[in-house]
Structure formats: structure tokens, C-alpha cells
Amino acid sequence: MTSPQETAPPDDYRLLLPEGWFRISLDPEQRDKSIDALVQRQFHGIDNVPHLKEGLRKDLRRRATKAYRSGGIELYLSLQEVGPFTIPASLLVTLAPLRHPEAPAARNPGTGAGQGWRGDSYGSCR
């Protein structure tokens with residue numbers, strides 16, 4: 001079975017998230033750049049806390065590496081605030097391989113299997 005890391009991640013989808021979310025690419029070649037950008041954003045104008053910045057970088061790298069090893073391709077973190085509070089939320093995008101590469105109707109032509117099922121652009125079936 002091919003793992004998500006052995007195939008190119010899809011680029012034919014888009015996620016629409018509210019303002020205030022930050023995308024971290026989990027690709028090892030892009031991961032550190034994404035994490036550094038997030039740390040810079042969160043600590044903009046604060047230069048006297050290098051230990052906090054480094055601690056955040058290490059924690060994000062550890063979590064991003066774990067997510068990548070679990071099949072993740074993108075990680076989104078909420079930076080939205082309500083008053084003095086940040087809304088804690090995250091979204092992990094993973095690549096789930098298809099169990100059967102062909103469409104359900106194509107597996108059993110003429111038997112009626114798969115009739116009534118129609119995939120839409122969001123991957124759900126009706």
C-alpha cells in the first residue's frame with residue numbers, strides 16, 4: 001500500500017476557513033518555513049522572549065512531524081480571538097487512499113451495484 005508521503009499530495013481542492021486561521025504545510029521541505037512564519041506572526045514586535053519562541057517552534061515541529069507521519073498533508077491552526085481569548089481549534093488535512101480505485105458501478109457492471117450513489121465535488125455520496 002502506498003503511503004501519502006510516497007505520492008504527490010492533491011492540489012485540486014480548496015478549503016474555505018474563516019479569517020484568523022494559519023496554514024502549516026506538513027511537507028518536510030516546507031514545514032520549518034511555515035512554522036517560522038507562524039512564530040514570527042505571533043511574536044511580532046516582541047524580541048525579549050527567545051526561549052518562548054524556541055519552545056513554540058519545538059512544540060510545533062514535534063506536532064507537525066507526528067501529523068505528517070499519520071498521513072497529514074496540511075495543518076490549520078485557529079488564531080481567532082474573542083476578547084482576550086484565543087479560540088483553540090485545529091484542522092488536520094489527511095490523504096485517505098481509496099479502498100477501490102474504480103467507481104462502485106464499474107466494479108459490478110450490470111448488477112445494479114452502485115446505482116443511486118453519486119459522488120459530488122466534496123467527496124460525499126448521495
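**Exercise 1. In which strand is L77 found, and is L77 buried or exposed?**

Before we begin, a word on the ground rules. This is a predicted model, in which local features need pLDDT of at least 70, side-chain atom pairs count only at pLDDT 80 or more, and totals for chains, interfaces and linings use all residues. Residues are numbered from 1 along each chain as its sequence is written, and side-chain values use heavy atoms, with hydrogens and water left out.

*Solution.*
- Step 1: L77 sits in strand β2. Strands (E, at least two residues) and helices (H or I, at least four) are DSSP runs, numbered from the N terminus.
- Step 2: L77 counts as buried because its relative accessibility is 17%. Buried means under 20% relative accessible area, exposed over 50%, and partly exposed in between, with a 1.4 Å probe and protein chains only.
- Step 3: Leaving out residues up to four places away in sequence, L77 touches G20, W21, F22, I24, L38, L60, A89 and S90. A contact here means heavy atoms within 4.5 Å.

**Exercise 2. Find the side-chain partners of E74 and S78, and place both residues.**

*Solution.*
- Step 1: E74 lies in strand β2, which spans residues 72-78, and S78 belongs to β2 as well.
- Step 2: E74 is classed as buried because its relative accessibility is 10%; S78 is classed as buried because its value is 7%.
- Step 3: The E74 side chain makes polar contacts with the side chains of Y13, at 2.6 Å, and R23, at 2.7 Å. A polar contact is a pair of N or O atoms within 3.5 Å; within protein, one must be able to donate a hydrogen and the other to accept it, and residues adjacent in sequence count only if both atoms are side-chain atoms.
- Step 4: For S78, the side chain reaches a backbone oxygen, that of I87, at 3.1 Å.
- Step 5: Beyond four places in sequence, the contacts of E74 include I24, L26 and L91, while those of S78 are G20, W21, T86, I87 and A89.

**Exercise 3. Describe how helices α1 and α2 pack.**

*Solution.*
- Step 1: Two packed helices are described by the angle between their axes and the distance between the axes.
- Step 2: The axes of α1 (residues 28-42) and α2 (residues 50-69) come within 10 Å and cross at roughly 145°. Axes are lines fitted to C-alpha atoms, for helices over the stretch in contact, and angles run from 0 to 180 degrees between N-to-C directions.
- Step 3: On the α1 side the contact residues include I35, L38 and V39, and on the α2 side they include L56, L60 and Y68.
- Step 4: By class, the contact comprises eight nonpolar, two polar and six charged residues. Ala, Val, Leu, Ile, Met, Phe, Trp, Tyr, Cys and Pro count as nonpolar, Asp, Glu, Lys and Arg as charged, and the others, Gly among them, as polar.

**Exercise 4. Where should you read the model with care?**

*Solution.*
- Step 1: The average pLDDT (the predictor's confidence in each residue, from 0 to 100) is 80, and 73% of the residues score at least 70.
- Step 2: pLDDT stays under 50 over residues 1-5 and over residues 111-126.
- Step 3: Where pLDDT is low, the predicted coordinates should not be read in detail.

**Exercise 5. Summarise the fold.**

*Solution.*
- Step 1: Count three helices and five strands in the protein, then read their order from the N terminus as β-α-α-β-β-β-β-α.
- Step 2: Of the 126 residues, 22% count as buried.
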